[in-house]
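This report describes the fold of one protein chain and some of the contacts within it. Please keep the sequence and the structure in view while reading.

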Amino acid sequence: MSARQPDAVVTRSLRTPRAAGIAGVAFALLLTAALVLIRLAAPSDAGDAGALFADPVRKRQVVLALNLVPFAGIAFLWFIGVMRDRIGQHEDRFFATVFLGSGLLFIAMLFVASAVTAGYLAVAGAGAAGSAAGLGRRVGALVLHTYAMRMAAVFTISTATIGLRTGLLSPWLGFLGYGIALILLLVIDVTRWVELLFPFWILLLSLDTLIESFGGTRGKTHVRGA
């Protein structure tokens with residue numbers, strides 16, 4: 001048993017960052033696809049349901065985007081779990097709590113926004129026009145753009161901080177995360193395309209993790225001051 005323990009530790013230390021990288025890449029691609037599909041298909045007027053249902057191609061794009069969201073959420077949840085496992089004993093309780101809480105809240109709000117939007121599609125598709133259908137779409141957009149994306153900003157800040165403190169993250173990537181989080185917190189209402197910055201940063205983080213797992217030593221750095 002004692003001869004096998006070092007091999008088991010090495011195998012686990014190699015597989016954990018790769019699992020995080022793969023899950024992060026999957027989440028980034030799925031969420032980006034969903035957001036782009038919704039942006040291209042949904043009419044600019046929040047109350048103009050007819051413009052969406054008059055074009056079956058646009059309607060199918062929105063339905064496809066909504067079907068991608070659960071898989072993006074699963075990949076993100078896996079990403080959170082593997083990242084926490086990778087941090088291990090170096091985890092700071094304060095930032096770890098913010099990291100986990102903001103990540104779970106982001107997933108929950110993403111699912112709520114998707115469910116409300118799906119309900120809006122069902123109501124509007126059945127011919128029930130009026131304030132109820134318009135309210136459903138506005139609620140879904142508000143949950144996603146105002147609340148979920150700000151939780152994504154908090155998640156980015158906590159992840160960047162933990163990554164910099166433990167040495168698991170490249171300095172340029174950590175400071176880029178701070179900049180993106182600031183944009184998501186302050187100027188998310190300027191244009192909805194800003195939302196793509198979050199999955200873009202997760203993609204960069206995941207690719208950096210995958211590259212580092214193939215022979216890098218950054219993950220062996222200890223927490224500063226520990």
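## A salt bridge

Which side chains meet in a salt bridge? In this predicted model, the partners are Arg39 and Glu195, with a distance of 3.2 Å from N to O. Arg39 belongs to helix H1, which covers residues 4–41, whereas Glu195 sits in the loop between helix H6 (171–186) and helix H7 (197–213), so the pair ties together parts that are 156 residues apart in sequence. The count of salt bridges comes to 1.

Is Glu195 buried or exposed? Its relative accessible area is 1%. Because buried means under 20% relative accessible area, Glu195 counts as buried.

## The chain as a whole

The chain contains 7 helices and 0 strands. Read from the N terminus on, its elements follow the order α-α-α-α-α-α-α.

The chain has 226 residues, and 42% of them count as buried. Contacts between residues at least 6 apart in sequence can be examined for their separation along the chain: 79% of them join residues at least 24 apart. The salt bridge described above also links distant positions in the sequence, since Arg39 and Glu195 tie together parts that are 156 residues apart.

## Helices H3 and H7

How do the axes of H3 and H7 cross, and within what distance do they come? Helix H3 spans residues 56–87, and its axis comes within 13 Å of the axis of H7, with a crossing at roughly 45°. This angle makes H3 oblique to H7. The crossing of the two helices is left-handed.

On the H3 side, the residues of the contact are Phe76, Phe79, Met83 and Arg86. On the H7 side, they are Phe198, Ile202, Leu205, Ser206, Thr209 and Glu212. Sorted by kind, the residues of this contact comprise 6 nonpolar, 2 polar and 2 charged.

## Thr209

Thr209 is located in helix H7 and is one of the residues that meet H3. Is Thr209 buried or exposed? The relative accessibility of Thr209 is 2%, so this residue counts as buried.

Which residues does Thr209 touch, when those up to four places away in sequence are not counted? They are Pro17, Gly21 and Arg86. Of these, Arg86 has already appeared as one of the H3 residues in the contact with H7. Pro17 and Gly21 fall within residues 4–41, the range of helix H1, and Arg39 of the salt bridge lies in H1 as well.

Methods:
Residues are numbered from 1 along each chain as its sequence is written. This is a predicted model: local features need pLDDT of at least 70, side-chain atom pairs count only at pLDDT 80 or more; totals for chains, interfaces and linings use all residues. Side-chain values use heavy atoms; hydrogens and water are left out. A salt bridge is a side-chain nitrogen of Lys or Arg within 4 Å of a carboxyl oxygen of Asp or Glu. Helices (H or I, at least four residues) and strands (E, at least two) are DSSP runs, numbered from the N terminus. Buried means under 20% relative accessible area, exposed over 50%, partly exposed in between (1.4 Å probe, protein chains only). Axes are lines fitted to C-alpha atoms, for helices over the stretch in contact, and angles run from 0 to 180 degrees between N-to-C directions. Angles under 35 degrees count as roughly parallel, over 145 as roughly antiparallel, 65 to 115 as roughly perpendicular and the rest as oblique. A crossing is left-handed if the near helix is turned anticlockwise from the far one by less than a right angle, and right-handed if clockwise. Contact means heavy atoms within 4.5 Å. Ala, Val, Leu, Ile, Met, Phe, Trp, Tyr, Cys and Pro count as nonpolar, Asp, Glu, Lys and Arg as charged, and the others, Gly among them, as polar.
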